[in-house]
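Here's a friendly walk through a structure, in questions and answers. Keep the picture beside you as you read.

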Amino acid sequence: MNFGLQERILALVILGGVAVFGLSSAQTLLAMSWGQTDTFYELIYRVLLLVIAIELVRTLVTHDLRAILGLLAFVVARKMLKPDLNVIDIVLSVLAFVALLAANYWWLSPSSPQGSDGSDVAP
């Protein structure tokens with residue numbers, strides 16, 4: 001079995017897990033008290049986990065740098081939404097976002113310093 005087929009099978013398995021987790025999360029969230037702030041945090045935390053799994057599937061199928069950067073951005077965002085973060089976690093998360101924005105500018109922006117073929121543009 002070639003590597004591309006294995007990745008697609010893994011992507012399908014992950015999508016199945018997303019469906020099961022989504023249904024389970026809906027049942028859990030419906031049973032929670034919506035008058036509490038913790039319920040809202042739990043909703044956002046679970047939604048971001050589902051988005052991360054879907055972005056992982058997209059990365060496995062497309063092998064696109066934009067998909068990888070999106071996946072990493074959602075992972076950092078999910079980490080930053082925890083209410084019990086310390087200062088080091090916040091600083092590192094902000095630096096991670098800055099690195100992702102820089103990577104987006106340098107590698108994916110149409111006005112990036114690199115040409116469309118990935119080579120440096122001559123001055």
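Q: How many aromatic pairs does a search of the whole structure find?
A: Keep in mind that this is a predicted model. Searching the whole structure for aromatic pairs turns up one.

Q: Are the planes of the Y105 and W106 rings stacked or edge-to-face?
A: The ring centres of Y105 and W106 are 5.4 Å apart. Planes over 60 degrees apart count as edge-to-face. The planes here stand at 80°, so the pair is edge-to-face.

Q: Is W106 buried, exposed or partly exposed?
A: Buried means under 20% relative accessible area and exposed means over 50%, with partly exposed in between. Its ring partner Y105 has 39%, which makes Y105 partly exposed. W106 comes in at 44%, so it is also partly exposed.

Q: Which ring does the charged end of R78 sit over?
A: R78 is one of the buried residues of helix 3. Its charged end lies 3.8 Å from the centre of a ring, and that ring belongs to Y45.

Q: Which helix supplies the largest share of the largest nonpolar core?
A: The core has seven residues: A11, I14, V18, L50, A53, V57 and L60. Helix 1 (3-31) and helix 2 (37-62) each bring at least two of them. The largest share is four residues, and it comes from helix 2.

Q: Which residues is I14 in contact with, leaving aside its neighbours within four places in sequence?
A: I14 is a member of that seven-residue core, and it is among the buried residues of helix 1. With the sequence neighbours set aside, its contacts are A53, L56, V57 and L60.

Q: What span should helix 1 have, at 1.5 Å a residue?
A: Helix 1 has 29 residues, and its end C-alpha atoms are 42 Å apart. The expected span takes 1.5 Å times one less than the number of residues. That agrees with the model, because the expected value is 42 Å.

Q: What is included in the cover over the buried residues of helix 1?
A: The buried residues of helix 1 are E7, A11, I14, V18, S25 and L29. What covers them includes helix 2.

Q: How far apart are the end C-alpha atoms of helix 3?
A: Helix 3 covers residues 65-80, which is 16 residues. At 1.5 Å a residue it should span 22 Å. The model agrees with that, as the end C-alpha atoms are apart by 23 Å.

Q: Which helices are included in what covers the buried residues of helix 3?
A: The buried residues in helix 3 are A67, L69, G70, L71, V76 and R78. Their cover includes helix 2 and helix 4 (87-108).

Q: Which residues does E55 touch, not counting those up to four places away in sequence?
A: E55 sits in helix 2. Its relative accessible area is 11%, so it counts as buried. Beyond its sequence neighbours, it touches A67, G70, L71 and F74.

Q: With which residue does the side chain of E55 meet in a salt bridge?
A: The partner lies three residues away in helix 2, which means about one helical turn. It is partly exposed, at 32% relative accessibility. The N to O distance is 3.2 Å, and the partner is R58.

Q: How far apart are the closest N and O atoms of R46 and E42?
A: Both residues lie in helix 2, four residues apart, about one turn of the helix. R46 is buried at 15% relative accessibility, while E42 is partly exposed at 26%. They form a salt bridge, with the closest N and O atoms apart by 2.7 Å.

Q: How many residues apart in sequence are the parts that D89 and K79 tie together?
A: The side chains of D89 and K79 meet in a salt bridge, 4.0 Å from N to O. D89 lies in helix 4 and K79 in helix 3, so the parts they tie together are apart in sequence by ten residues.

Q: Where does H63 lie?
A: H63 has a positive phi of about 55°, although it is not a glycine. At 53% relative accessibility, it counts as exposed. Its place is the loop between helix 2 and helix 3.

Technical notes: Residues numbered from 1 in each chain as written. Predicted model: local features only at pLDDT ≥ 70, side-chain atom pairs only at ≥ 80, totals over all residues. Heavy atoms only, no water. Core = buried A, V, L, I, M, F, W, Y, C linked by side-chain atoms within 4.5 Å. Buried < 20%, exposed > 50% of the residue type's maximum accessible area, 1.4 Å probe, protein only. Helix = DSSP H or I, 4+ residues; strand = E, 2+ residues; numbered from the N terminus. Contact = heavy atoms within 4.5 Å. Phe/Tyr/Trp six-rings, centres within 6.5 Å; stacked < 30°, edge-to-face > 60°. Lys NZ or Arg CZ within 6 Å of the ring centre and 35° of its normal.
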